[in-house]
Amino acid sequence: MHRPRRAYLRNLLRRVPMPVLAALFGLLTAAAMWIVIDPIQTRAIGNIFDKELQGQLETRASESLTRFDSFTQSYVNTTRLLASHRRMADYLEPVFWFANDDDREPRLYRDKPPVWLPASAIDGLPVKPSHALLTDVNGLIREIYQLGDSSLPKETASELQHALADTRQTAYITRLDGKLYMLIAERVEDASYNLMGSLVLLVRIDGAFLDASQQRASTSETTVALVDGESQTILAASRGGEALVGSVIRDLESDYVITAQSFFDYGNSPVNLLFATLISRDVIEATRQSIIAVERRHRLTGAAIVGFIFVLLFILVSSRINRLLRRVANFSSRALHIEHPTPRGGNQLLIMEDWIRSFTQAVMKAREEMRARYTAEIQEREALKTAVLDASLDPIVTIDQAGHIVDFNPTAENTFGYRREEALNRSLDELVFDKGSRQAFNALLYDCLEEQGADAPPVLRTLTARNKDGRQFPVEVAIKPVMLEDHLFFTTYIRDISERKRQAQEITSLAAFPGESPLPVLRINQPGVVIYANKASDGLLDYWGCKRMQTVPIYWKRLVEQVLEQGRAREVEVETRDGIFSLLFAPVANLGYVNIYGRDITAVRRAEEEARHRQNELIHVSRLSTMGEMATGIAHELNQPLSAIVNFAKGCSRRIRLGMGEKEELITAMEQISQQASRAGEIIKRLRGMVTRQQPVREKADLNALVKDACALIAHDRQKLRIAIDFRLSEQPVLAWVDPVQIEQVVLNLLRNALDALEGKPPEDRLLIIATGFTAGGNAYIRVEDNGSGIAREDLRHLFDPFFSTKKTGMGMGLSISQTIIAEHKGHISADSLPGRGSVFIIELPVSGAVLESIAS
């Protein structure tokens, strides 16, 4: 009963096409995957979402508080900058508030900002303060700048007493008239660093302020708020959450996920505040369901793809089986002359099983016929091998067990000069090898006898051969044993390696070239390992603190990585115990290493240092020469304050001796003596700075101040010639990294040249203009312009040449030294002139990024 059913089922399956079975199997597989994986994956994704959500909420809350702290700190920095601004110092220097002024009303500004407050600084703030206050040292409000319509809160005066009492905390958040404000107080000093009072900014804390604090990361589903720490009531919320103001936190927990954090930087605040971040639970749940739905679609797609792949796989197997059956049928028809029909449909696996059973019987029948044919083919192959041996480019010699030659191919005839008939039956070692190599060849032959076998590899050895004419040359010998009809033969392959040895020697010589170099040559791979270093590199390896096949320090490792990444050479200088070396890093990107070639530049750097030393000496001599030429004017400048000191001192002495004069008059005279002494001290200080020999320095200096100091040194000569200077200096500091003494020397040289050029014009027509500022390219500049006699056009080309001068008594070194100084500062000096109309000299100096940032702020 079972066999008929099995046969019926087999016939049924045999008629069902393979693609249909594949499609059914793919659908079942996809359905099984979906039923098993869907609930497991849904729960797993939900758990992952909950864990990730908790971490994201904490991170977002922390980032929101950080942005709020950074935003409020910008107001503190702005207040500190305004308190130390030059306008504030200039305004407070003549201002003095007396105690009997306490009853006066503070001065109020509304439409126009006060002179002590730059409007640009306030306009740059995202949320403008409501008020800016100026108080005296006792905390009384003296001046008020009202930026909006709201008046100053009534509780401000009492709150200021609390704020100014603690100098450690300059900013905190407080409540004034029921509203939240950030109060920022900074001490204000005049130009003499005397405490004059405080600058106070009041900033209203509301939804606009909170939105501005989060503007870079604001999202529609996140609300930030300030919460009363005691009552847990929301005091202020960002836009979108104004309706929550006045709500209690615990009443909102059912609708929002709330993260509250304490303020740590506002410890002086009288209000206990918490910073809260609120996210709607509806948004979170919608996000959760969206993620699960997306993942479920992905799983459904994956299951469909798996089922589709199974279908394609079975279809591919079916097509491959069909092709295989056709090939086997065609082969049997051509090779065995057996006709078998090619299957057109049905289950190919079952068809193939029946078909192969009958095909095997036909193959067994044809095997005997194939054997006879195979014997004939072997004979043909032997003939082919003989032809290949004859055409070989290497000598091939076959010998018997006694070492006698039984075959000698044409290449061996040409190589050794013997005809085949001459070589047969002669001993191979005596015919082609010299005396020193014969014993080695026989030993090689003996080794082949010991290890004979079809799978034994040929034994290689390098020997010395000779031809019929006696010329010796190196050869590589390989022997392969061959068993033919119970007789052992040896096929000897002999290859002339003269050219290969010559090339190997040349390669060895080239490989030794870096080691023979007296300069460092190294090779470092991408991980930073020194894979080669010649003897001259020992000093550099000691400097790095590593040895060969060790990793270089991290700086040099990163430098190697950068050179490989950029793909171009780079030169670096380094000073070791052996001297100063210039290292050229040459990348070999395709092999992943860098070649380093060292060059000793110790002598070059010493010569440059000596040249710089001589140049500094020349600059110093030029300063001394300039001071010598200005000695009369300097003496006159110094004599004025000294004469004033003597006159005031004599007057005080006379009044004291005669009992005349009031106390206030004597104090005034003594103050004049002190001022004149300070003036004389400043003159001597400037002279000492100009004539003292010192090493070049680089520091941040204001070019406006350097110009004024240089003008002070020529004050006497300028007054003598009745020349007024038109100062067109920049309103903001012109800061640059310079040597102040050297730059002042250059400006002084240009000013003295301008005075000499103006000496020939009438006093009422003399004009000298000095300007400073920044060029369009971002460089700082100093411009010195006069309307003197000018410079001839042919002299302009040689104006900065050494020892060239248009003056009768000039040495011609001033402008040359000035050009050298500016060039060392990586700047540029240029001149232009029209004869009879005047000259203009422009100095341009680069400004670093840090200085530009300080100017912008």
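Which residues line the second largest cavity? Keep that in mind as you open the viewer, and remember throughout that this is a predicted model.

**Stop 1: a hidden space**

Select Pro520, Ala536, Gly539, Leu540, Thr576, Asp578, Phe581 and Leu583, and you have the lining of the second largest cavity on screen. The space inside holds about 40 Å³. The structure has 3 cavities of 30 Å³ or more. How is such a space found? Rolling a probe the size of a water molecule over the atoms shows where empty space is left.

Now try colouring the lining by residue type: you should get 5 nonpolar residues, 2 polar and 1 charged. Next, show the cartoon around the cavity. Helix α15 and strand β19 (579-588) each give at least two residues to the lining.

**Stop 2: a loop with an unusual backbone angle**

From α15, follow the chain onward to methionine 549, which sits in the loop between α15 (538-544) and α16 (554-566). What is the phi of methionine 549? The angle is positive, about 65°, although this residue is not a glycine. Switch on the surface and look for the side chain. Methionine 549 counts as exposed because its relative accessibility is 55%, and the cut-off for exposed is over 50%.

**Stop 3: helix α16 and the loop that follows**

Go on to arginine 558, in helix α16. With a relative accessible area of 53%, arginine 558 is exposed. Now select glutamine 526 as well and draw a distance between the two C-alpha atoms. Arginine 558 and glutamine 526 are 32 residues apart in sequence, yet 9.1 Å apart in space.

Your next selection is alanine 569, in the loop between α16 and β18 (570-576). Is alanine 569 exposed or only partly exposed? At 48% relative accessibility, alanine 569 counts as partly exposed, since exposed needs over 50%. Add leucine 584 and draw another C-alpha distance: these two residues are 15 apart along the chain, and 6.9 Å separates them.

**Stop 4: salt bridges**

How many salt bridges does the structure hold? The count is 12, and here are some to visit.

Start with lysine 468 and glutamate 422. They form a salt bridge in which the closest N and O atoms are 3.4 Å apart. This pair links distant parts of the chain: lysine 468 belongs to the loop between β13 (459-466) and β14 (472-484), while glutamate 422 belongs to helix α11 (residues 420-423), 46 residues away. Lysine 468 is partly exposed, with a relative accessible area of 45%. Glutamate 422 is partly exposed too, at 24%. Before leaving, add Arg419 to your selection: Arg419, Glu422 and Lys468 are linked in a network of salt bridges.

Jump along to aspartate 726 and arginine 728. Their salt bridge has its closest N and O atoms 3.0 Å apart. With the surface on, you can look at how open each partner is: aspartate 726 is partly exposed at 27% relative accessibility, and arginine 728 is partly exposed at 48%.

Another pair to select is glutamate 785 with arginine 783. Here the closest N and O atoms of the salt bridge are 3.4 Å apart. Glutamate 785 counts as partly exposed at 27% relative accessibility, and arginine 783 counts as partly exposed at 29%.

**Stop 5: another positive phi**

Move to lysine 826, in the loop between α24 (814-824) and β26 (828-834). Lysine 826 is not a glycine, but its phi is positive, at about 60°. Turn the surface on again: lysine 826 is exposed, with a relative accessible area of 69%.

**Stop 6: a nonpolar patch on the surface**

For the final stop, travel back to helix α2 (residues 18-83), where you will find valine 36. Which residues join valine 36 in a nonpolar surface patch? Select Ile35, Val36, Ile37 and Ile40 together, and the patch of about 370 Å² appears. Within this group, valine 36 counts as exposed because its relative accessibility is 52%. Colour the four side chains and leave the surface half transparent to see both the patch and the helix that carries valine 36.

Terms used. Residues numbered from 1 in each chain as written. Predicted model: local features only at pLDDT ≥ 70, side-chain atom pairs only at ≥ 80, totals over all residues. Heavy atoms only, no water. Patch = residues over 30% accessible without salt bridge, like charges linked within 9 Å, V, L, I, M, F, W, Y side chains within 5 Å. Areas by Shrake-Rupley, 256 points an atom, 1.4 Å probe, with all protein chains shown as cover. Salt bridge = Lys/Arg side-chain N within 4 Å of Asp/Glu carboxyl O. Buried < 20%, exposed > 50% of the residue type's maximum accessible area, 1.4 Å probe, protein only. 1 Å grid on protein atoms, 1.4 Å probe; cavity = no way out; pocket = protein on both sides within 12 Å on 5 of 7 lines; lining within 4 Å. Points joined across faces, edges and corners; volume = space filled by probe spheres on them. Nonpolar A, V, L, I, M, F, W, Y, C, P; charged D, E, K, R; others polar.
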